[in-house]
Amino acid sequence: MAKLWAIIKREYLERVRTKWFVIATLFGPLFFGSLIIIPAYMTKKARASNEFTNTIILDATSIGMGAKVATAMSVGQPPGSAAPLVRQVSPPDLSRAESTATQQVMSSQAIGYLVLDEQTLRGEVVRYAGRNATSIGDMERIRSKVREILLTERLEGAGVKPETIKELSFMPIRLRAERITDEGRGGSGTASIVFAGVIAFLLYMSIVLYGQNVLRGVLEEKTTRVAEVIVSSVPSETLLAGKVLGVGAVGLTQQAIWLAASVFMYEVRTPLLAQFGISSTPFQMPSITVGYGILLLVFFILGFTFYASLYAAVGASVNTEQEAQQAVQPLLIMLVATAIFINPILLNPTGRLAFVMSILPFSAPIIMPLRLALVSVPWYEIAASMLALAASCVAAVWVAARIYRVGLLMYGKRPTLKELRRWVVYSH
């Protein structure tokens, strides 16, 4: 035990004293701070843009719908913004008018053009072409304005008074979703999604970064022949366990600092945003129970042990950095595959995909904490996920210890899968 503790202490102190650990730890708070400031600042700048109204409207409806749409699009724009230019066009001349408008967009005289025709009056299609066609916000605003004018036209045609139309159609309704858990109210639904995404990101980055750290540490000790000296006095299993636990403690330390920095940024966000002239949006952090914190810690330890053991086995079985990059690809594929499924699971955390991914050992350390932050997961699913991951950890450590024991002192040609199997089966 004394030797194990000495190795853990050496691995921990060796890494936390490096300048790269300090830089990465400081980068976390800066990154989280930028996540608060930059999107809010860019949103403010986008709202002040006058590109939205610098548009040509080709009106082929013959009822003056283009002028009404132009007026609606100008509402809320800053003073001095260019109003949409409306051109009355007969249906036979619409194609030629579109060609002219396209040339104007290409020469930067306008940002884009909107086509209103008989299909628009029937409520089927409204067409837009321009440089900002990929802006989801602009396209939704155009669609909303056209729909609003079209609805007004139909109601007026049905004999409804304009005052009544305005009164009935103005509904600035906002949806506020609140999460309810088994313990009661759990805060904002949007905040829970953001929090779950941050937790998944931190776990993913910690496993990838510190797993690679374990691999490089093993490879360095092997290539510099330091391992030959160490294993003469310490069993290879103790050396492997000390390396995994020491590097894992470094990852936990960094995560704790990042989480504390995130909470601090959240608390000071109002005066911080005020420095940039941005008002803070009301945002309630989800409640974090002690039980959730413990489960988060358990899944991190199990997940890191699973991946770090395999990374150590890869490091012991190769001789160069280039060989390591090739041999580690299966592990990276498992992690990337997990990251790909994070977004669909955020949209449906109770679906079959979420259940399967939270049980599979290679994705459970990231997906199960993600689900726990979003919904109330049944206890038997948590237990099944934890048992499957724990069993996989035992298997991974068992395999890695045997490869580590033999591979650490083997040099020369990279072993084949058949040789690795022989190391695992016959190693004592």
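Which side chains meet in a salt bridge at 2.9 Å, N to O? They are those of R127 and E98. The model examined here is predicted.

## Salt bridge R127–E98

R127 belongs to strand β4 (residues 127–130) and E98 to helix α4 (residues 94–106), so their pairing ties together parts that are 29 residues apart in sequence. The two partners fall into separate burial classes: R127 is partly exposed because its relative accessible area is 31%, while E98, at 15% relative accessibility, counts as buried because the limit for that class is under 20%.

## Salt bridge E153–K68

The structure holds six salt bridges. One of them joins E153 and K68, whose closest N and O atoms are 2.4 Å apart. E153 sits in helix α6 (residues 136–157) and K68 in helix α3 (residues 65–74), so this pair ties together parts that are 85 residues apart in sequence.

E153 is buried, with a relative accessible area of 18%. K68 has a relative accessible area of 35% and is therefore partly exposed.

## Salt bridge E381–R371

A further salt bridge links E381 with R371, and here the closest N and O atoms are 3.0 Å apart. E381 is part of helix α18 and R371 of helix α17 (residues 364–374), so the pair ties together parts that are ten residues apart in sequence. Both E381 and R371 are buried.

## Packing of α16 on α18

Two packed helices are described by the angle between their axes and the distance between the axes. For α16 and helix α18 (residues 379–407), the axes come within 8 Å and cross at roughly 40°. On the α16 side the contact is made by F355, S358 and I359. On the α18 side, E381, A384, S385 and A388 take part. By type, the residues of this contact divide into four nonpolar, two polar and one charged.

E381 thus has two roles in this account: a salt-bridge partner of R371 and a member of the contact between α16 and α18.

## Nonpolar surface patch

F355, V356 and L360 make a nonpolar surface patch of about 220 Å². V356 is placed in helix α16 (residues 352–359). How exposed is V356? With 39% relative accessibility, V356 counts as partly exposed, because that value lies between the 20% limit for buried and the 50% limit for exposed.

F355 appears in both settings: in the patch with V356 and L360, and among the α16 residues that contact α18.

Key:
Residues are numbered from 1 along each chain as its sequence is written. This is a predicted model: local features need pLDDT of at least 70, side-chain atom pairs count only at pLDDT 80 or more; totals for chains, interfaces and linings use all residues. Side-chain values use heavy atoms; hydrogens and water are left out. Patches are made of residues with over 30% relative accessible area and no salt bridge: like charges are joined within 9 Å, nonpolar side chains (Val, Leu, Ile, Met, Phe, Trp, Tyr) within 5 Å. Accessible areas come from the Shrake-Rupley method with a 1.4 Å probe; for residues, only the protein chains shown count as cover. A salt bridge is a side-chain nitrogen of Lys or Arg within 4 Å of a carboxyl oxygen of Asp or Glu. Helices (H or I, at least four residues) and strands (E, at least two) are DSSP runs, numbered from the N terminus. Buried means under 20% relative accessible area, exposed over 50%, partly exposed in between (1.4 Å probe, protein chains only). Axes are lines fitted to C-alpha atoms, for helices over the stretch in contact, and angles run from 0 to 180 degrees between N-to-C directions. Contact means heavy atoms within 4.5 Å. Ala, Val, Leu, Ile, Met, Phe, Trp, Tyr, Cys and Pro count as nonpolar, Asp, Glu, Lys and Arg as charged, and the others, Gly among them, as polar.
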